[in-house]
Amino acid sequence: ASRGFFQALGVGDWATLEQVMDGVIDHPRKMRNRLRMYGDFCARMLETVLDEIDAEFIFISEPISDNKGPLISPAMFEDFMIPVYERVISAARAHGCEQILVSTYGNTARLLPSMIEAGVTILWISEAAEVPEIDYRSLRGRYGPDLGLIGGIPLSILRAGEPENMERRLREIVTPLLESGRYIPLAGGRVREDVPWPVYERYRGILSDLIG
């Protein structure tokens, strides 16, 4: 339903990133207007789709962070991007769709309160370092099961390739999250060629046992 702050403003390389960063400082009104137009476009497209189908959730992408944190401040995110979220989420809910999934990358922890207040109900973090702020057990303790979670299994568990340690770590992470509900266990990033097939097979087998 939305491609996120930077992609909405046309960022595709370092030059366009610099233009946007300059724009939010030097031309904030222009940037707000562009994002208001983008939010209206996304909402109207979503309404067209939801007139035809009964969706269980909508998907919002937000590639906005590196492993240290978001590339704009939480205050800027609330100012420029939260109105887009509110417009899109309002359109979804008007069509009976209550579940709002945000897929984000890196350490987006500082933006989560404003996302949740805007109506986000499910979080999927990918390609992030293992930092306490976005440990899924910490997020569950902070926000409770009202915030559904997808992912949360560090790729380092698979890359280490140690069967006994893998099972122990997966049980520590996955079991309490499954027991508290609204959780889909998944590796927190793309599994690439540095994870041998037997290790991946073992990982999926352990997950099947935990889920089953």
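## Salt bridges, a helix face and an open sheet

The side chains of Glu167 and Arg171 come together in a salt bridge, with 3.2 Å from N to O, in what is a predicted model. Both residues belong to helix 9, where they stand four residues apart, about one turn of the helix. Glu167 has a relative accessible area of 25% and is therefore partly exposed, since that class lies between under 20% for buried and over 50% for exposed. Arg171, at 41% relative accessibility, counts as partly exposed.

Glu167 also takes part in a salt bridge with the side chain of Arg202, at 2.9 Å from N to O. This pair links distant parts of the chain, because Glu167 sits in helix 9 while Arg202 sits in helix 10, 35 residues apart. Arg202 is partly exposed, with a relative accessible area of 38%.

Helix 9 holds a partner in another salt bridge, that between the side chains of Glu130 and Arg169, at 3.9 Å from N to O. Here again distant parts of the chain are linked, with Glu130 in the loop between strand 3 and helix 7 and Arg169 in helix 9, 39 residues apart. Elsewhere, salt bridges link Asp40, Arg44, Glu47 and Arg87 in a network, and a search of the whole structure finds 13 salt bridges.

We can now turn to helix 10, which covers residues 197-211. Its 15 residues, at 1.5 Å a residue, should span 21 Å, and this agrees with its end C-alpha atoms, which are 21 Å apart. Within this helix Val199, Tyr203, Ile206, Leu207 and Leu210 are buried. Seen down the axis of helix 10, the buried residues fall within an arc of 100 degrees, so they line one face of the helix. On the other side of helix 10, by contrast, Trp197, Pro198 and Asp209 are exposed. The buried residues of helix 10 are covered by parts that include strand 4, helix 8, helix 9 and strand 5.

Strands 4 and 5 lead us to the sheet, which is open and has five strands in the order 1-2-3-4-5, with parallel pairing. Its edge strands are strand 1 (57-62) and strand 5 (183-187), each of which pairs on one side only, and the twist averages 20 degrees from one strand to the next. Strand 3 (residues 122-126) and strand 4 (residues 148-153) run parallel and are joined by four bridges; Ile125, for instance, has Gly151 in strand 4 as its bridge partner. Helix 9 (residues 163-180) packs on this sheet, touching strand 4 and strand 5, and its direction makes about 155 degrees with that of strand 5.

Terms used: Residues numbered from 1 in each chain as written. Predicted model: local features only at pLDDT ≥ 70, side-chain atom pairs only at ≥ 80, totals over all residues. Heavy atoms only, no water. Pairing = 2+ DSSP bridges. Helix = DSSP H or I, 4+ residues; strand = E, 2+ residues; numbered from the N terminus. Axes fitted to C-alpha atoms, helices over the stretch in contact; angles between N-to-C directions. Contact = heavy atoms within 4.5 Å. Expected span 1.5 Å × (residues − 1). Buried < 20%, exposed > 50% of the residue type's maximum accessible area, 1.4 Å probe, protein only. Arc of directions from axis to C-beta. Salt bridge = Lys/Arg side-chain N within 4 Å of Asp/Glu carboxyl O.
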